Amino acid sequence: MAVRDIDLMDPTVFSDGIPYDYFRRLRHSDRLPLARDTDGQPFWYLTRHEDVARVSRDNETFASGPTTMTSVRKADITDPVITFLDGPAHTRMRKLAFKAFAPARMALLKKPIRGIVDSLLAEVVEKGEFDLAEDVALRLPFQVLAELLGVPEPDRDVVIDWARHTVNLGDPEYDLAAGEEDVFDRLLGYFRDLAEARSRQPADDLFSILLAARLKSDRINLPDRLSTEEIAVFATTLITAGSETTYCSVSGAVLALLEFGDELAKLRADRSLMPTAVDEVLRWVTPVTHFARNVVRDTEIGGQPIGAGERVVMWYTSANRDEEVFADPDRFDVTRSPNPHVTFGGGGPHFCIGNGLAVLELTQFLDAAIDLLPRMEITGTPVRPESNFMNCVKHLPMRYR
């Protein structure tokens, strides 16, 4: 198939996994490929690490608003979602929201996260036969985020059930029945009420931290605090979008370590390799395959003129296998260093605000799981969702011997 005929907006192209051969050909093409979204809107594919990093950092030329999404996840967004904000509005939101992800706050979450990991792994070990994707990978981030958000215990099951329906969007197994109330609206309404409650009676949770946060300067001429509505939108974004990196990384880590048994043995023998192993899992899996940017002024990339009003799509999953940056990129290597992966974005103002939490979750999972993995075996074919946006498996049948 010619490069110009590769349609990466077609989810079936990803049904057997990421088409790395396609991306390799695109990276080596002498010109940027021009493609079309499912609604016919044209955009340029960016598949090289250098180009993805450059666009990520240049928010004067490449805007996130009105949306960074393509295909099934493209929607009209009117709420102040941090992912789709630019300029001073994004700077303000990010500075205030970061209060909830400060290193000291993450340190307090280490013990609760390890408790959640140990509990989930104990359950599947006792069951013997289990679905690692459903029973561990999906439940872990939702339980952690419910803890971070301070969702009261009696409400957690229903909130997590709503949030489950926001992963693997477009996949028939996860989509809600037609006519059923939108779970995003349910979550937003719930968190709106919780934010209002915390404004009256603070607690030791994310809502109270964000309600108390203030900007030290008003030089951007915007409100120095977040409203309860903004906090509710942020919480909804966090529990929906924030869960998927860990969800995909946990299953992907298990698959990689079982495939590359020598790397598993290396990590078990030397736990000091955990930081580089976590980075390698994030590079290897690259949970979010792509994001779009909207061109706001004439520019060029790789010699290709691109006009204001056009769109580019950054393929992180390709940039993380770029031979110009990563030696032997198709090998999983827990000692890989340096490892300038773009899994959380290629730098710049939209670098994932929750990266510290994602790393903490994955670190705690690996530290607990690597001694169990030699007694685990895959008992069926991993099943992928119908998606070109997340690199994930929705079912991973396994047995603990």
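These exercises, each with a worked solution, walk you through parts of a predicted model.

## Exercise 1: A sheet of three strands

Find the order of the strands in the open sheet that holds strand 4, and work out which strands are its edges.

**Solution.**
- Step 1. Start with the order: the 3 strands of this open sheet follow one another as 4-10-9, with antiparallel pairing.
- Step 2. Look for strands that pair on one side only; these are strand 4 (129-131) and strand 9 (376-378), the edge strands.
- Step 3. Check the twist. On average, neighbouring strands here are turned by 30° against each other, direction ignored.
- Step 4. Zoom in on one pairing: strand 9 meets strand 10 (residues 397-400) over 3 bridges, in the antiparallel sense. Within that pairing, Glu 377 has Arg 399 of strand 10 as its bridge partner.

## Exercise 2: A strand with two covered faces

Which residues of strand 5 lie on one side, and which on the other? Then list the strands that pair with strand 5 in the antiparallel sense, including strand 3.

**Solution.**
- Step 1. Count the buried residues of strand 5 (residues 290-295): 6 of its 6 residues are buried, and the strand is mostly covered.
- Step 2. Split them by face. His 290, Ala 292 and Asn 294 lie on one side, while Phe 291, Arg 293 and Val 295 lie on the other, and both faces are covered.
- Step 3. Turn to the partners. Strand 3 (residues 62-63) pairs with strand 5 over 2 bridges, antiparallel, and in this pairing Phe 62 stands opposite Val 295.
- Step 4. Strand 8 (residues 311-315) is also antiparallel to strand 5, with 5 bridges joining them. Here Arg 293 has Val 312 of strand 8 as its bridge partner.

## Exercise 3: Two buried polar-looking spots

Is Ser 56 buried or exposed? Ask the same of Asp 205, and find what each one touches.

**Solution.**
- Step 1. Place Ser 56: it sits in helix 2 (residues 49-57).
- Step 2. Apply the cut-off. Ser 56 has a relative accessible area of 6%, and buried means under 20%, so Ser 56 is buried.
- Step 3. List its contacts beyond four places in sequence: Met 314, Gly 346, Gly 347, Gly 348 and Pro 349.
- Step 4. Compare chain and space. Ser 56 and Gly 345 are 289 residues apart along the chain, yet their C-alpha atoms are separated by 6.8 Å.
- Step 5. Now place Asp 205, in the loop between helix 8 (183-200) and helix 9 (206-212). Its relative accessibility is 2%, so Asp 205 counts as buried too.
- Step 6. Setting aside residues up to four places away in sequence, Asp 205 touches Arg 105, Leu 148, Leu 149, Gly 150 and Arg 198.
- Step 7. Follow two of those contacts to helix 6 (residues 139-149), where 8 of 11 residues are buried; Leu 148 and Leu 149 are among them. Gly 150, another contact of Asp 205, follows helix 6 and has a positive phi near 75°.

## Exercise 4: Cavity and pocket

Which residue classes line the largest cavity, and which line the second largest pocket?

**Solution.**
- Step 1. Begin with the cavity. The structure holds 1 cavity of 30 Å³ or more, and the volume of the largest is about 30 Å³.
- Step 2. Sort its lining by class: 5 nonpolar, 1 polar and 3 charged residues. The lining includes Leu 26, Arg 31 and Tyr 45.
- Step 3. Move to the second largest pocket, with about 460 Å³ of space. Among its 21 lining residues, Gly 17, Leu 255, Trp 284, Arg 384 and Asn 391 are the closest to its centre.
- Step 4. Sort this lining as well: 10 nonpolar, 6 polar and 5 charged residues.
- Step 5. See which helix gives the most: helix 11, with 6 residues.

## Exercise 5: Unusual backbone angles

Where are cis peptide bonds found ahead of Pro 66 and Pro 338, and what is the phi of Thr 286?

**Solution.**
- Step 1. Gly 65 and Pro 66 are joined by a cis peptide bond with omega about 5°; Pro 66 is in the loop between strand 3 and helix 3 (87-97).
- Step 2. Ser 337 and Pro 338 are joined by another cis peptide bond, with omega about 0°.
- Step 3. Thr 286 is not a glycine, yet its phi is positive, about 45°. Thr 286 lies in the loop between helix 13 and strand 5.

Note on methods
Residues numbered from 1 in each chain as written. Predicted model: local features only at pLDDT ≥ 70, side-chain atom pairs only at ≥ 80, totals over all residues. Heavy atoms only, no water. Pairing = 2+ DSSP bridges. Helix = DSSP H or I, 4+ residues; strand = E, 2+ residues; numbered from the N terminus. Axes fitted to C-alpha atoms, helices over the stretch in contact; angles between N-to-C directions. 1 Å grid on protein atoms, 1.4 Å probe; cavity = no way out; pocket = protein on both sides within 12 Å on 5 of 7 lines; lining within 4 Å. Points joined across faces, edges and corners; volume = space filled by probe spheres on them. Nonpolar A, V, L, I, M, F, W, Y, C, P; charged D, E, K, R; others polar. Buried < 20%, exposed > 50% of the residue type's maximum accessible area, 1.4 Å probe, protein only. Contact = heavy atoms within 4.5 Å.
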